[in-house]
Amino acid sequence: MRLHVVDHPLVAHKLTTLRDARTDSPTFRRLADELVTLLAYEATRDVRTDPVEISTPVTTTTGVRLSHPRPMVVPILRAGLGMLEGMVRLLPTAEVGFLGMIRDEDTLQPSTYASRMPDDLSGRQVYALDPMLATGGTLVAGIQELISRGADDVTALCLLAAPEGVALMERELAGTPVTVVTASVDSRLDEHGFIVPGLGDAGDRMYGTAG
Ligand SMILES: O=P(O)(O)OC[C@H]1O[C@H](OP(=O)(O)OP(=O)(O)O)[C@H](O)[C@@H]1O
Ligand SMILES: O=c1cc[nH]c(=O)[nH]1
Ligand SMILES: [Mg+2]
């Protein structure tokens, strides 16, 4: 597994406001959207392309276009849904699948309540979206599902990661073609499995709910 922490002052600036408990839901959604687009720029560095001949008004030249099959983007509901628009802004031709997953608040174990994507992801590059990599249980299970369907290159975009989650990913997904791109690896998890300093419950802050 590869880990890429995007070190950029604009990312740090937006992330600071995202963390701030005073930031309201509309602002939180807008900042998450903007941050994803900045992370997506790094996360798509190895997106597959093919050469293509085109004519400019002056001459012919060789450029590139995205390869087929097209990349697949998979937000992990609920909070990952808030990252979808920011991602497909950069990859408008991507296909979109969905994974609905929830972490039990007591056991911290993830379970999957919805899955809507092709059975066969052979040869596909997949971008999984989940704002929070905390214990790592959710993302490990989600990525294992993508790999079991044949995905041969998975990049997870997370706004925040905890060292514990990164370690679990490294252990459970060793030897797999997985990259994690994040804006920050924070200090630790608290006794409830929340990232510290973190930003709280991403889904609740995004959608203005509690739970
Ligand atoms: O790394 P983990 O310890 O598994 O925790 C991270 C997960 O927790 C949050 O989802 P949550 O279960 O709160 O669902 P939600 O997005 O519907 O709020 C978050 O969006 C991740 O999916
Ligand atoms: O800090 C955390 C951990 C898990 N899920 C969240 O939304 N936030
Ligand atoms: Mg939640």
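Which helices and strands each supply at least two residues of the shell around ligand 1? Keep that in mind while you walk through this model, which is predicted, and start by selecting ligand 1 together with the residues around it.

**Ligand 1**

The elements to colour are the strands β6 (98-103) and β9 (132-133) and the helices α4 (137-148) and α6 (202-207), each of which supplies at least two residues of the shell around ligand 1. There are 23 residues around this ligand, and the ones that come nearest are Arg78, Ala134, Thr135, Thr138 and Gly203. If you colour the shell around ligand 1 by class, you will find twelve nonpolar, seven polar and four charged residues.

**Arg78 and its peptide bond**

Stay with Arg78, which comes among the nearest residues to ligand 1, and look at the backbone just before it, where the peptide bond from Leu77 to Arg78 is cis, with omega near 0°. Arg78 itself lies in the loop between β4 (72-77) and α3 (84-90).

**Ligand 2**

Next, select ligand 2, whose surrounding residues are Met132, Ala134, Gly193, Phe194, Ile195, Gly198, Asp201, Ala202 and Gly203. Ala134 and Gly203 belong to this list, and they also appear among the residues that come nearest to ligand 1. By class, the shell around ligand 2 has five nonpolar, three polar and one charged residues.

**Two backbone details**

Now select Val196 and Pro197, which are joined by a cis peptide bond with omega at about 0°; Pro197 is found in the loop between β13 (195-196) and α6. Then move to Leu108, in the loop between β6 and β7 (110-116), where phi is near 65°, a positive value in a residue other than glycine.

**A pair of helices**

Turn next to helix α1 (residues 9-19) and helix α2 (residues 25-43), which pack at an angle of about 155° with their axes 10 Å apart. Because angles over 145 degrees count as roughly antiparallel, α1 and α2 are roughly antiparallel to each other, and their crossing is left-handed. To see the contact, show the side chains of Leu10, Val11, Lys14, Leu15, Thr17 and Leu18 on α1, and those of Phe28, Leu31, Ala32, Glu34, Leu35 and Leu38 on α2. This contact of α1 with α2 has nine nonpolar, one polar and two charged residues.

**The whole annotated stretch**

Finally, zoom out and select residues 5-209, which an unreviewed UniProt entry annotates as "domain: Phosphoribosyltransferase". Over residues 5-209 the chain is 32% helix and 31% strand, and the end C-alpha atoms are 29 Å apart.

Note on methods:
Residues are numbered from 1 along each chain as its sequence is written. Chains are lettered from A and ligands numbered from 1 in the order in which they are written. This is a predicted model: local features need pLDDT of at least 70, side-chain atom pairs count only at pLDDT 80 or more; totals for chains, interfaces and linings use all residues. Axes are lines fitted to C-alpha atoms, for helices over the stretch in contact, and angles run from 0 to 180 degrees between N-to-C directions. Helices (H or I, at least four residues) and strands (E, at least two) are DSSP runs, numbered from the N terminus. Angles under 35 degrees count as roughly parallel, over 145 as roughly antiparallel, 65 to 115 as roughly perpendicular and the rest as oblique. A crossing is left-handed if the near helix is turned anticlockwise from the far one by less than a right angle, and right-handed if clockwise. Two residues are in contact if their C-beta atoms, placed from the backbone, lie within 7 Å. Ala, Val, Leu, Ile, Met, Phe, Trp, Tyr, Cys and Pro count as nonpolar, Asp, Glu, Lys and Arg as charged, and the others, Gly among them, as polar. A residue is near a molecule or strand if its C-beta atom, placed from the backbone, lies within 6 Å of it. UniProt positions are given in the numbering used here, feature names are shortened, and annotations may be inferred rather than shown by experiment.
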